[in-house]
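Please open the model in your viewer and set it to a cartoon display, with side chains ready to be switched on. The tour moves from a pair of packed elements to a ligand and then to the whole chain.

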Amino acid sequence: MPISPARSVAFEILLRIEKQNAYASELLHSERLEKLTPADRGLAMELVMGVLRWRSRLDDAIAAAASRPLTKLDAEVLNALRLAAYQLQFLTRVPPHAAINESVELVKRAQKRSAAPFANAVLRKMAAAKTMRGQPPANDVAAASVAREYSHPEWLVARWVAQFGQERARQICEFDQQIPSTSLRLENEDAERDLASEGMVLAPGILLASARTLVGGDLTRTRACAEGHAFIQDEASQLVAALVGTGSRLLDCCAAPGGKTAALAWRNPSAEILAVELHPHRAELLRKRVRAANVHIVQADALNLPASGGFDRVLADVPCSGTGTLARNPDIKWRLTPEDLNELHAKQVAILRAALQQLTPGGRAVYSTCSLESEENEAVVEEVLREAKDYRLLDCREELHRLRSTGELMWDDLNSLLSGPFLRTIPGVQPCDGFFAAVIERRGG
Ligand SMILES: C[S@@+](CC[C@H](N)C(=O)[O-])C[C@H]1O[C@@H](n2cnc3c(N)ncnc32)[C@H](O)[C@@H]1O
């Protein structure tokens with residue numbers, strides 16, 4: 001029996017994520033998907049993201065129907081089961097027999113022929129029971145039940161309950177389980193007109209005047225995107241770039257894929273901008289995406305920057321866990337461990353220390369992450385500033401007031417964007433990714 005290209009590609013991607021620790025966001029933008037028809041590409045993406053988003057609930061349902069523990073199943077069998085389970089439970093337009101038969105074929109094609117009758121029996125039992133849809137949300141919002149209801153690791157939800165309270169933790173989880181909207185940053189009015197003429201339907205942004213929300217259309221194939229006048233970029237990420245403000249020499253020390261570098265270049269057209277990225281393939285991606293003439297891109301380590309100071313604006317948008325972006329990157333929640341947070345903290349402290357040394361007296365650095373975890377946020381800034389007496393923390397409130405007074409920031413409730421002196425967006429509280437930012441000034445100047 002033939003297997004549809006969408007299911008075949010989705011299965012391959014899920015296996016690579018599981019066996020090679022590959023990133024969904026990279027695989028879903030690879031050539032493998034480009035070759036599919038738009039309809040198949042859409043279904044493949046939906047299947048991969050759906051399985052990753054709901055993985056623990058799918059596993060619970062599979063375990064309830066299976067005669068052996070999931071830990072005893074080969075990755076190929078388990079992922080074929082998850083793929084069908086997601087379709088059975090969440091996609092009303094897919095006929096159950098198509099979901100079941102194709103997953104059984106995937107098991108056979110993966111050289112696991114002896115497991116095919118088992119897979120078939122489990123899926124038919126699930127199709128008959130169909131236990132997951134339509135359950136009312138649990139009233140009990142303790143971490144364990146929120147984690148189970150919204151398919152998140154319990155340790156992560158327990159941290160959010162402790163940090164933000166039960167209701168906020170639930171809002172975050174609920175937001176993570178929805179397909180996020182696509183936000184754009186437009187560089188001029190022509191871009192908006194061009195997009196409309198190519199059939200894109202846009203709505204205003206929610207946080208920023210220069211942002212738009214894509215309501216309909218395939219943006220990746222438009223001229224405004226190809227020519228670099230429209231960028232897909234979450235509004236919280238746009239807000240962090242706005243916080244950096246303007247200067248004459250700017251350093252972006254962790255720059256790829258370049259969303260913020262491009263925004264900095266647009267805001268600072270006559271400044272000199274140095275954009276640094278550690279990984280060669282990501283530096284290449286940065287070169288493709290950011291073509292502004294005033295941006296100089298270098299592949300280097302932020303701990304050993306190819307510069308000798310004198311920057312009046314520095315952005316350290318450091319590598320982080322990404323727990324503020326789980327709606328876009330659901331694979332992260334299954335990969336991350338509590339120990340990773342300590343390792344990330346150490347790396348972030350080192351990068352921020354190196355970044356601050358590049359500031360000229362009176363210059364300002366923005367430290368940012370797309371993480372919700374305090375080890376990667378407040379704790380990094382506090383640890384670095386404890387020993388760096390030449391630097392002081394500024395209150396983001398003043399910067400937000402400035403952006404509000406120029407009309408760039410449209411969000412009225414500034415308090416909800418702040419946590420003490422820091423900028424913090426929370427998915428589900430604001431309709432965007434969870435970002436953290438601190439503004440640090442070098443004394444003197
Ligand atoms: C959070 S991402 C930056 C996102 C980017 N600022 C944007 O808005 O598109 C962090 C980047 O830092 C890079 N990176 C990690 N360690 C680094 C280091 N030691 N030096 C420079 N770049 C590093 C990662 O490869 C990754 O591309």
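Begin by selecting residues 235-244, which form helix 14, together with residues 259-267, which form helix 15; in this predicted model the axes of these two helices come within 9 Å and cross at roughly 45°. Helix 14 is therefore oblique to helix 15, and the crossing of the two is right-handed.

Next, switch on the side chains where the two helices touch: helix 14 contributes Ser 237, Gln 238, Val 240, Ala 241 and Val 244, while helix 15 contributes Gly 259, Lys 260, Ala 263 and Leu 264. If you colour this contact by residue type, five of its residues are nonpolar, three are polar and one is charged.

Keep helix 15 selected and bring up the ligand, because helix 15 and strand 6 (272-277) each supply at least two residues of the shell around it. Which residues are the closest to the ligand? Of the 19 residues that surround the ligand, the closest are Cys 254, Gly 259, Lys 260, Leu 278 and Ala 302. Coloured by type, the shell around the ligand divides into ten nonpolar, four polar and five charged residues.

Finally, zoom out to the entire chain, which holds 20 helices and 13 strands. Its radius of gyration is 23 Å, close to the 22 Å that the globule rule gives for 445 residues, so the chain is as compact as a globular protein of that length. Turning the view along the principal axes, you will find that the C-alpha trace spans about 75 × 50 × 40 Å.

Terms used. Residues are numbered from 1 along each chain as its sequence is written. This is a predicted model: local features need pLDDT of at least 70, side-chain atom pairs count only at pLDDT 80 or more; totals for chains, interfaces and linings use all residues. Axes are lines fitted to C-alpha atoms, for helices over the stretch in contact, and angles run from 0 to 180 degrees between N-to-C directions. Helices (H or I, at least four residues) and strands (E, at least two) are DSSP runs, numbered from the N terminus. Angles under 35 degrees count as roughly parallel, over 145 as roughly antiparallel, 65 to 115 as roughly perpendicular and the rest as oblique. A crossing is left-handed if the near helix is turned anticlockwise from the far one by less than a right angle, and right-handed if clockwise. Two residues are in contact if their C-beta atoms, placed from the backbone, lie within 7 Å. Ala, Val, Leu, Ile, Met, Phe, Trp, Tyr, Cys and Pro count as nonpolar, Asp, Glu, Lys and Arg as charged, and the others, Gly among them, as polar. A residue is near a molecule or strand if its C-beta atom, placed from the backbone, lies within 6 Å of it. The radius of gyration is taken over C-alpha atoms; the globule rule is 2.2 Å times the number of residues to the power 0.38.
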